[in-house]
Amino acid sequence: MNGLALLNAQDYTIAREIIQRGVAVVFVLAFASTYRQFPVLLGERGLLPTPDHLARSLGRGGPSLFPWRRLGYSDALLRGMCATGMALGASVVVGLPQQGPGWTTIPVFLAMWGIYLSIHSVGRIFYGYGWESMLLECGFVVGFLGSHQVAPPLLILWFLRWMLLRLEFGAGMIKMRGDPSWRDLTAMDHHHETQPMPGPLSRLAHLRPRWWHRMEVLGSHVVQLGAIWLVLLPQPIASIGASLVILTQLFLVVTGNYAWLNWLTILVATAAISDPFWRWLGGGPFPGWGWQDVTASAAVDGAAGSPLWWHLLIFAVVAFLAVLSWKPLVNLFSSHQLMNASFNRFHLVNAYGAFGSMTAQRFEVVIEGTQDPDPPAADEEAWHAYEFPGKPGDVRRRSGQFAPYHLRLDWQMWFLALRPGAQDWFVALLEKLWDGDPGVRRLLRSDPFDGAPPTGLRVRYFRYRYATAAERRESGQWWMRTDLGVIARMDPEPDGGTGPSRD
């Protein structure tokens with residue numbers, strides 16, 4: 001048993017609690033956002049209906065419950081799956097599976113992983129981001145940290161450190177390879193202003209002096225390309241390296257909205273922070289979660305609560321993940337590095353990264369409607385904007401903090417503004433607004449017509465920038481914008497019919 005004791009990580013019981021409960025919270029948020037948004041975006045009558053997608057793909061997509069002949073897809077089934085996932089996540093948050101035998105956390109997390117994988121596999125453009133694969137990878141792995149009846153497995157904690165290395169070093173390398181602004185330290189001159197969904201402190205961060213932005217870029221490089229390797233060293237150096245990662249992620253949390261990307265990175269970084277380091281910081285986050293009992297029993301017997309079958313199971317899982325790690329490892333050092341890529345259908349051991357290409361100007365697509373009986377002749381005062389909860393619109397409105405909750409439609413509107421065009425989901429969105437669709441209205445901040453269909457729609461294109469301190473004092477505006485024109489219209493049929501004519 002002494003040899004097996006080396007596979008126990010008795011000094012990481014606090015890390016286990018934070019990781020398992022934290023990932024469970026993220027799953028609850030992910031299922032909650034899906035419950036509310038998926039039927040409108042991808043449901044039976046959504047912008048990109050899933051039943052139509054499944055009929056075209058003939059079940060050739062990713063692993064999912066929906067293609068099964070007996071189940072198919074329905075909004076009711078989707079919501080039932082989300083409710084199940086939220087209940088499973090909540091059970092981990094309050095600590096129920098952690099009270100059972102060592103294996104009881106495994107089926108709970110695998111069930112959440114399987115349900116979310118089923119949803120992700122049909123989510124297409126609205127689920128095509130790195131934090132989705134990151135949640136799936138975390139969901140598969142952290143159940144194998146076990147309950148309070150076993151010591152945290154060292155091999156699983158090391159795999160999470162390997163995941164952190166892919167996250168941070170991969171992001172650092174994609175920046176250095178992808179855009180010269182990261183190499184000349186100018187990348188942050190515009191980032192806070194042009195990022196997909198700014199937060200309430202983003203303007204303040206943007207208006208800092210240039211030397212501050214140079215330090216932001218330099219600090220990012222120091223952590224992602226250098227300090228991240230500290231998590232592979234002995235304690236307390238590994239804890240210090242993980243703490244530096246967490247500090248940079250917290251800065252990103254307060255200056256933007258990136259769904260649960262930053263919070264999951266923080267949770268994964270916790271795998272490198274030992275119990276003594278937590279106690280040095282002040283005794284750990286919250287007492288009474290059960291880790292004290294595990295630590296005490298482990299001190300008596302290095303293999304306490306960790307039978308042979310448990311070690312064999314952990315070894316098999318990590319060996320499986322190690323085999324899947326080869327392509328991500330090669331990708332990490334490849335001159336053709338892929339960003340946010342999955343190398344298998346189950347989204348395990350993925351490649352990550354963000355902002356390999358920076359944008360220097362912010363563009364916004366604004367949808368406006370009118371109820372004037374003759375829209376082509378309507379004056380400007382007759383047109384009113386549909387406001388979204390997260391993306392900039394009203395120039396007087398301060399950006400909000402929504403992450404780790406994810407506003408999927410708002411996020412897509414940012415990408416649309418980069419390359420405006422008749423994308424299928426956006427055309428469908430305009431048609432839903434034309435019809436006064438109540439589902440789409442639920443995803444908006446405000447509908448100027450309270451659900452009544454407009455007589456005309458138009459899509460305007462703007463360049464946005466933050467107001468300077470002087471401009472804000474004078475105008476009261478959060479944003480300044482330049483009108484770049486109308487890029488699309490929907491008006492009544494010329495013959496008096498009820499359908500729209502498009503331009």
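## Salt bridges

In this predicted model, the number of salt bridges comes to 14. Side chains of opposite charge can pair when their charged atoms come close.

Within helix α2, glutamate 17 and arginine 21 form one of these salt bridges, with 3.0 Å between the closest N and O atoms. The two residues are four apart in α2, which means that about one helical turn separates them, and both glutamate 17 and arginine 21 are buried.

## A pair between two helices

A salt bridge also joins the side chains of arginine 214 and aspartate 189, at 2.6 Å from N to O. This pair links distant parts of the chain, since arginine 214 belongs to helix α11 (residues 210–226) and aspartate 189 to helix α9 (residues 188–194), 25 residues apart. Arginine 214 has 24% relative accessibility and therefore counts as partly exposed, whereas aspartate 189, at 14%, counts as buried.

## A buried pair and a network

Glutamate 364 and arginine 362 form a further salt bridge, in which the closest N and O atoms are 2.8 Å apart, and both residues are buried. Elsewhere, Glu368, Glu380, Arg458, Arg460 and Asp483 are joined into one network by salt bridges that share partners.

## The two sides of helix α3

In helix α3, which covers residues 50–57, the buried residues are Thr50, His53, Leu54 and Ser57. They lie on the same side of α3 because they cover an arc of only 95° around the axis. These buried residues pack against α2 (13–42) and α5 (105–123), while Ala55 and Arg56, on the other side of α3, are exposed.

How values were computed
Residues are numbered from 1 along each chain as its sequence is written. This is a predicted model: local features need pLDDT of at least 70, side-chain atom pairs count only at pLDDT 80 or more; totals for chains, interfaces and linings use all residues. Side-chain values use heavy atoms; hydrogens and water are left out. Buried means under 20% relative accessible area, exposed over 50%, partly exposed in between (1.4 Å probe, protein chains only). The arc is that of the directions from the helix axis to the C-beta atoms. Contact means heavy atoms within 4.5 Å. A salt bridge is a side-chain nitrogen of Lys or Arg within 4 Å of a carboxyl oxygen of Asp or Glu.
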